[in-house]
Amino acid sequence: MELNEYQAQANRTLAGNEHVLTHLSLGLASETGQIIELVNKYTFQGNDLDKGKLTHELGDLLWYLSQVAQWADIPFDDVATENLAALTKRYPNMEKK
């Protein structure tokens, strides 16, 4: 799936009002916290990494990210492309796999 296609389809589920950016920002923080909790339990408490739950939480985080970009009228493909360009500049000697 293309990221812009994901962004457009995900946007159908966004209930908008004057507080939409605040809602999205708080959602980003909340989902990030849930991911951190899973990693913390794995790293420091000896739990198995629950990949199913991690996949779910990463998907929720992806939704919030895509909708912040949508709100700002930024195609999600542009976010990914710019990030890869920045990584290539930052790590010019990294091997491509």
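**Helices, contacts and surface of the predicted model**

Leu28 sits in helix H2, which covers residues 20–45; helices here (H or I, at least four residues) are DSSP runs, numbered from the N terminus. The structure is a predicted model, in which local features need pLDDT of at least 70 and side-chain atom pairs count only at pLDDT 80 or more, while totals for chains, interfaces and linings use all residues. Residues are numbered from 1 along each chain as its sequence is written, and side-chain values use heavy atoms, with hydrogens and water left out.

Leaving aside neighbours within four places in sequence, Leu28 is in contact (heavy atoms within 4.5 Å) with Leu61, Tyr64, Leu65 and Val68. Gly52 is another matter: 24 residues along the chain from Leu28, its C-alpha atom is separated from that of Leu28 by 19 Å.

Helix H3 takes up residues 51–71. From the first C-alpha to the last, the 21 residues of H3 reach 30 Å, close to the 30 Å expected at 1.5 Å a residue; the expected span is 1.5 Å times one less than the number of residues. The buried residues of H3 are Leu54, Glu57, Leu61, Trp63, Tyr64, Ser66, Gln67 and Ala69. Buried here means under 20% relative accessible area, exposed means over 50%, and partly exposed is in between (1.4 Å probe, protein chains only). What lies over these buried residues of H3? The cover includes helix H1 (3–11), H2 and H4.

Two of the buried residues, Trp63 and Tyr64, also make up an aromatic pair, and the structure holds 1 such pair. For this count, rings of Phe, Tyr and Trp (its six-membered ring) pair if their centres lie within 6.5 Å; planes under 30 degrees apart count as stacked, over 60 as edge-to-face and the rest as tilted. Trp63 and Tyr64 are edge-to-face, at 4.9 Å centre to centre and with 90° between the planes.

Gln67 is also part of helix H3. Is Gln67 buried or exposed? Gln67 counts as buried because its relative accessible area is 0%. Not counting residues up to four places away in sequence, Gln67 touches Gln7, Ala10, Asn11, Leu14 and Leu24. One of these partners, Gln7, lies in helix H1, and Gln7 is buried too, since its relative accessibility is 4%. With the same neighbours left out, those up to four places away in sequence, Gln7 touches Ser66, Gln67, Ala69, Gln70, Ile74, Pro75 and Phe76.

Not every residue of H3 is buried. Gly59 is found in this helix and counts as partly exposed because its relative accessibility is 30%. Gly59 and Asn17 are 42 residues apart in sequence and 23 Å apart in space, C-alpha to C-alpha. His19, in the loop between H1 and H2, is partly exposed because its relative accessible area is 47%. His19 and Gln67 are 48 residues apart in sequence, and their C-alpha atoms are 13 Å apart in space.

The loop between H3 and H4 holds Asp73, which is exposed because its relative accessible area is 68%. What stands out about the backbone of Asp73 is phi: its value is near 60°, positive in a residue other than glycine. Most residues other than glycine have a negative phi.

Back in H2, there is a charged pair to look at. The structure holds 1 salt bridge, defined as a side-chain nitrogen of Lys or Arg within 4 Å of a carboxyl oxygen of Asp or Glu. Lys41 forms this bridge with Glu37, and the closest N and O atoms are 3.2 Å apart. Both residues, Lys41 and Glu37, lie in helix H2, 4 residues apart, or about one turn of the helix. Lys41 counts as partly exposed because its relative accessibility is 31%, and Glu37 is partly exposed as well, with a relative accessible area of 43%.

Finally, the surface carries a nonpolar patch formed by Leu84, Leu87, Tyr91 and Met94, which together have about 420 Å² of accessible area. Patches are made of residues with over 30% relative accessible area and no salt bridge; like charges are joined within 9 Å, and nonpolar side chains (Val, Leu, Ile, Met, Phe, Trp, Tyr) within 5 Å. The areas come from the Shrake-Rupley method with a 1.4 Å probe, and for residues only the protein chains shown count as cover. Within this patch, Leu87 belongs to helix H4 (residues 76–90) and counts as partly exposed because its relative accessibility is 31%.

Definitions and conventions: Helix = DSSP H or I, 4+ residues; strand = E, 2+ residues; numbered from the N terminus.
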